[in-house]
Amino acid sequence: MANNRASGDGGGGGAGYESGSDHDDALQKPLLRNSGCGYRIGMGSRQSCLNGAGTSIAVLRESHVPALLCTFIVALGPLQLGFTNGYSSPTQDGVVRDLNLSISEFSVFGSLPNVGAMVGAIASGQMAKYIGRRGSLMIAAIPNIMGWLAISLAKDTSFLYMGRLLEGFGVGVMSYVVPVYVAEISPQNMRGALGAVTTLSVTFGVMLAYVLGLFFPWRLLALIGTLPCLLLIPGLFFIPESPRWLARMNRMDECETSLQVLRGFDADITAEVNDIKIAAASANKSGTIHFQELNQKKYRTPLILGIGLLALQQLSGINGIIFYSGSIFKAAGLKNSNLDTCVLGAIGVVATGVTITFLDRAGRRILLIISSSGMTLSLLAVAVVFYIQDNISNDSDLYNILSMVSLVGVVACAIAYCFGMAAIPWIIMSEILPVSIKSVAGSFATLANWLTSFGVTMTANLLLSWSAAGTFASYMIVSAFTVMFVILCVPETKGRTLEEIQWSFQ
C-alpha cells in the first residue's frame with residue numbers, strides 16, 4: 001500500500017509547484033478549468049467572495065473545509081491502495097481454485113498492480129501539473145472502478161489481469177498526487193501528522209480486505225473494492241483545490257479563497273499568501289527541468305534521498321509479506337492463517353495511528369532509525385525460526401512453539417514498519433524535492449517505489465516456495481542497509497519550513 005512539495009508549506013512557501021517558464025504560458029494553462037475551488041463559493045475572486053453580499057459570506061462560512069477534513073476525503077485514495085494490496089491474500093485459495101491458476105499465474109495476478117502503478121507514476125507528475133490535484137484524483141478513480149468490475153466478472157486470466165492493471169494505474173497516480181495535495185494544504189505544524197494519515201488509510205485498507213475476505217467470496221469482495229473510489233469522486237467536489245497549484249496556474253484570486261477556506265474564515269492568511277506568490281514567481285523563473293538535467297549537483301542529494309528511501313521501503317519485502325501473509329502463516333504451521341492475517345492488519349492500523357502522534361514531536365529521522373532497526377531484528381528472528389523449522393519434525397512441540405514465534409516476528413516486523421518506514425519516506429520525499437524538479441523527480445521517485453514493489457511481489461511467492469528462511473534473510477539484509485542509509489544520509493526535517501529544508505541542499 002500507494003503514497004512531494006518544494007518550497008512552502010502550511011507556514012509559507014509554494015509547496016508542490018512544478019517547473020515552468022514565462023514563455024510557455026500556454027502549456028501552464030490547466031486542462032480542466034473547473035478544477036479550482038470546487039466548493040460552493042464558486043469561481044469568483046476572493047475579494048468578491050469576502051466583500052460581497054451577506055449571502056456570499058454565509059456560503060463561505062458554510063464552505064469552511066479544514067485541512068483535516070480535506071485529508072480524510074483524499075485519504076480514500078490510499079484506502080483504495082491498501083485494499084488493492086490486501087486483496088490477493090484472503091482470495092488466493094478461491095481464485096486459484098475457481099480459475100485453475102498455477103502459483104506463478106497467481107504471482108503475476110498479485111504483482112500486476114505494480115506494473116499498472118508504474119505507468120500511473122510516470123503520468124502522475126504531468127497530470128498533477130496541468131489538470132490539478134483534484135482533477136487527477138477524479139481521473140485516477142475511474143480505472144480503479146473499472147478494474148474491480150473486470151475482476152468480479154473474470155472467467156479467465158485475461159479479465160483478471162486487465163483488472164489488476166487498471167487498478168494499478170489508478171493507485172499509481174494516487175500514490176503521488178495524494179501526498180502532494182496533503183502537504184500543500186497542511187499547516188506547517190501539522191504536515192507530518194496529516195501526511196501520515198494517508199499511510200493510516202493504506203493500512204486500514206489492507207486490514208479491511210483481510211477482514212472482509214473472511215466473509216465474502218473473491219468476486220463479491222472485488223465489487224466491494226469499488227466503494228472507496230465511488231465515494232472519492234463526489235467527495236472531491238466538496239474540497240478546495242490546492243492553493244499552491246492555483247497560484248502556479250496564475251489563478252491568484254482562487255488561490256486566496258482556497259487558502260482562506262482551509263485556514264478558517266477569520267484566519268489572517270496575508271503572510272502565507274505572500275510566501276506562496278513569491279514561491280510561484282520563483283518557480284516560473286527557474287525554467288522547465290527535463291529528466292536529463294536531474295543529475296545536476298544541486299539536485300543530486302535530494303533526489304538520491306527521495307528515491308533511496310522509497311526504494312528501500314519496498315525492498316524490505318513488506319509488500320510481499322502483506323500480499324502473501326496467508327501463505328507465510330501456513331508455511332509457519334499456523335492453522336488459522338487467514339484469521340492471523342486479519343490480526344496482522346489490525347495491528348498495522350493501530351501502530352500507524354500511534355505513529356501519527358509522534359511524527360511532529362520526535363522527528364522523522366529518529367523514527368526511521370527505530371523503524372528500520374525493529375524490522376531488521378524481526379526479520380532476522382523470522383528467518384532463524386523458518387531455518388530451524390526446516391530441520392525438525394512437524395509434529396514436535398518445538399515446531400509448534402516456533403510457529404507462534406514466527407507469528408510474533410511477522411507482527412513485530414509489521415509494527416516496526418508502520419512506526420516509520422510506512423509513512424516517512426513519502427513525507428521526506430515530498431519535503432526535500434525542490435520546486436523546479438517537482439513533477440519530473442516526484443514521478444521518477446514514485447516509479448522507483450512501484451518498480452521495486454513489483455519485483456518484491458512478483459518474486460515473494462516463488463521465493464517462499466524455495467526457502468522461507470532465505471526469503472526473510474534477504475529482506476533482513478536490506479533493512480539493515482536501510483538503518484545505515486538513514487544514519488549516514490537522511491537529515492531531520494521536523495519543524496522546518498519547506499524552503500529551509502530545500503535551501504539546505506543548495
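**Figure 1. Gln-313 sits in helix 15 (residues 297–315).** This close-up comes from a predicted model. Gln-313 has a relative accessibility of 1% and counts as buried. A polar atom of the Gln-313 side chain lies 3.0 Å from the backbone oxygen of Ala-422. Ala-422 is also among the residues in contact with Gln-313 once neighbours within four places in sequence are set aside. The others in that set are Ile-318, Tyr-417, Met-421, Pro-425, Trp-426 and Asn-449.

**Figure 2. The whole protein chain is built with 24 helices and zero strands.** The chain has 506 residues, and 62% of them count as buried. Its accessible surface comes to about 18,200 Å². Carbon and sulfur atoms account for 67% of that surface.

**Figure 3. Confidence varies along the protein chain, from helix 1 to helix 11.** The mean pLDDT of the chain is 78. A score of at least 70 is reached by 79% of the residues. Among the elements of the chain, helix 1 (residues 25–28) has the lowest mean pLDDT, 36. Helix 11 (residues 227–235) has the highest, 95. Residues 1–65 have a pLDDT below 50. Beyond near neighbours in sequence, this stretch still has 243 contacts in the model.

**Figure 4. Arg-364 and Glu-431 form a salt bridge.** Their closest N and O atoms are 2.6 Å apart. The pair links distant parts of the chain, 67 residues apart. Arg-364 belongs to helix 19 (residues 364–389), and Glu-431 belongs to helix 21 (residues 424–432). Which side of the 20% cut-off does Arg-364 fall on, buried or not? Arg-364 counts as buried because its relative accessibility is 1%, and buried means under 20%. Glu-431 is at 0% and counts as buried too.

**Figure 5. Arg-251 and Glu-254 meet through their side chains in a salt bridge.** The N to O distance is 2.9 Å. Are these two residues buried or exposed? Both Arg-251 and Glu-254 are buried. Side chains of opposite charge can pair when their charged atoms come close. In the whole structure, a search finds five salt bridges.

**Figure 6. Arg-97 and Asp-98 carry another salt bridge between their side chains.** The N to O distance is 3.6 Å. Arg-97 is exposed, at 60% relative accessible area. Asp-98 is partly exposed, at 44%.

**Figure 7. Thr-84 lies in helix 5 (residues 76–99).** Thr-84 is buried, at 1% relative accessibility. A polar atom of the Thr-84 side chain is 2.9 Å from the backbone oxygen of Gln-80. Which residues does Thr-84 touch, not counting those up to four places away in sequence? They are Pro-113, Trp-148, Arg-164, Glu-167 and Val-171.

**Figure 8. Seven named residues, from Leu-380 to Val-405, make a nonpolar surface patch.** The patch covers about 610 Å². Its members are Leu-380, Val-384, Tyr-387, Ile-388, Leu-398, Ile-401 and Val-405. Two elements give two or more residues to the patch: helix 19 and helix 20 (397–421). Helix 19 supplies the largest share, four residues. Ile-388 is in helix 19. Why is Ile-388 called partly exposed? Ile-388 counts as partly exposed because its relative accessibility is 31%, which falls between the 20% and 50% cut-offs.

**Figure 9. Leu-402 is found in helix 20.** Leu-402 has a relative accessibility of 10% and counts as buried. Leaving aside neighbours within four places in sequence, Leu-402 is in contact with Val-385, Ile-388, Gln-389 and Ile-392. Ile-388 is also one of the residues of the nonpolar patch. How far apart are the C-alpha atoms of Leu-402 and Val-385? They are separated by 6.1 Å, while the two residues are 17 residues apart along the chain.

Note on methods: Residues numbered from 1 in each chain as written. Predicted model: local features only at pLDDT ≥ 70, side-chain atom pairs only at ≥ 80, totals over all residues. Heavy atoms only, no water. Buried < 20%, exposed > 50% of the residue type's maximum accessible area, 1.4 Å probe, protein only. Areas by Shrake-Rupley, 256 points an atom, 1.4 Å probe, with all protein chains shown as cover. Salt bridge = Lys/Arg side-chain N within 4 Å of Asp/Glu carboxyl O. pLDDT = per-residue confidence, 0-100. Contact = heavy atoms within 4.5 Å. Patch = residues over 30% accessible without salt bridge, like charges linked within 9 Å, V, L, I, M, F, W, Y side chains within 5 Å. Polar contact = N/O pair within 3.5 Å; in protein donor to acceptor, adjacent residues only side chain to side chain.
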